[in-house]
Amino acid sequence: MVDDTIGRKWALIIGINNYIDSNITPLQYAVNDAYALYECLTDNEYGCFEASKTKLLTDKTEIKPTRSEILKAINGLQIAEVKDSVFIFFAGHGIEKNGESYLVKELTRGIGFSTGVRVDLVVS
């Protein structure tokens with residue numbers, strides 16, 4: 001049951017183990033961490049997030065964590081209201097260049113600055 005005084009809960013959970021660029025080291029536990037967090041958040045005794053408001057993107061989900069899908073999921077959170085809570089989790093590689101931080105998504109090639117997702121897009 002949703003308490004109208006505190007608003008709704010929204011979540012975007014991303015876990016990426018594998019990258020198409022062989023120069024980017026694969027991770028072992030990012031996807032598992034994302035699934036475990038999803039299960040915890042959507043559990044009625046713990047997180048109480050509605051599954052319909054909790055988006056999971058991993059190497060193993062039907063919809064992959066590509067740049068366009070990550071941005072679409074972030075844009076989808078814009079319907080949240082001031083009293084709502086928004087939770088974003090990213091397990092994967094990140095990079096920094098010239099003071100800007102980027103999330104490295106699965107289809108990133110090379111250093112990925114032009115194809116990564118800028119962190120300031122996520123938090124704005």
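Which residues make up the largest nonpolar core?

## Nonpolar cores

In this predicted model, the largest nonpolar core is formed by 12 residues, namely Trp10, Leu12, Ile14, Ile16, Tyr19, Ile24, Leu57, Ile70, Ala73, Ile74, Leu77 and Val104. Two elements, strand 1 (9-15) and helix 2 (67-76), each contribute two or more residues to this core. Another core, made of eight residues and lying apart from the largest one, includes Ala34, Leu37, Tyr38 and Leu56.

## Aromatic rings and charge

Although aromatic residues such as Trp10 and Tyr19 belong to the largest core, the structure holds zero aromatic pairs. The ring of tryptophan 10 does, however, have the charged end of lysine 53 sitting over it, at 5.5 Å from the ring centre.

## The hairpin of strands 4 and 5

Strand 4 (residues 94-97) and strand 5 (residues 100-103) run antiparallel and are joined by four bridges, with glutamate 96 of the hairpin standing opposite serine 101 in strand 5. Two residues lie between the strands of this hairpin, in which asparagine 98 adopts a positive phi near 55°.

## Threonine 58

Threonine 58 belongs to strand 2 (residues 54-58), and it counts as buried because its relative accessibility is 0%, where the cut-off for burial is under 20%. A polar atom of the threonine 58 side chain lies 2.9 Å from the backbone nitrogen of lysine 60. When residues up to four places away in sequence are not counted, threonine 58 touches Gly15, Val31, Ala34, Tyr35, Ile63, Lys64 and Pro65; of these, Ala34 is also among the residues of the eight-residue core.

Note on methods: Residues are numbered from 1 along each chain as its sequence is written. This is a predicted model: local features need pLDDT of at least 70, side-chain atom pairs count only at pLDDT 80 or more; totals for chains, interfaces and linings use all residues. Side-chain values use heavy atoms; hydrogens and water are left out. A nonpolar core is a set of buried Ala, Val, Leu, Ile, Met, Phe, Trp, Tyr and Cys residues joined through side-chain atoms within 4.5 Å. Buried means under 20% relative accessible area, exposed over 50%, partly exposed in between (1.4 Å probe, protein chains only). Rings of Phe, Tyr and Trp (its six-membered ring) pair if their centres lie within 6.5 Å; planes under 30 degrees apart count as stacked, over 60 as edge-to-face and the rest as tilted. A charge sits over a ring if NZ of Lys or CZ of Arg is within 6 Å of the ring centre and within 35 degrees of the ring normal. Two strands pair if DSSP finds at least two bridges between them. A polar contact is a pair of N or O atoms within 3.5 Å; within protein, one must be able to donate a hydrogen and the other to accept it, and residues adjacent in sequence count only if both atoms are side-chain atoms. Contact means heavy atoms within 4.5 Å.
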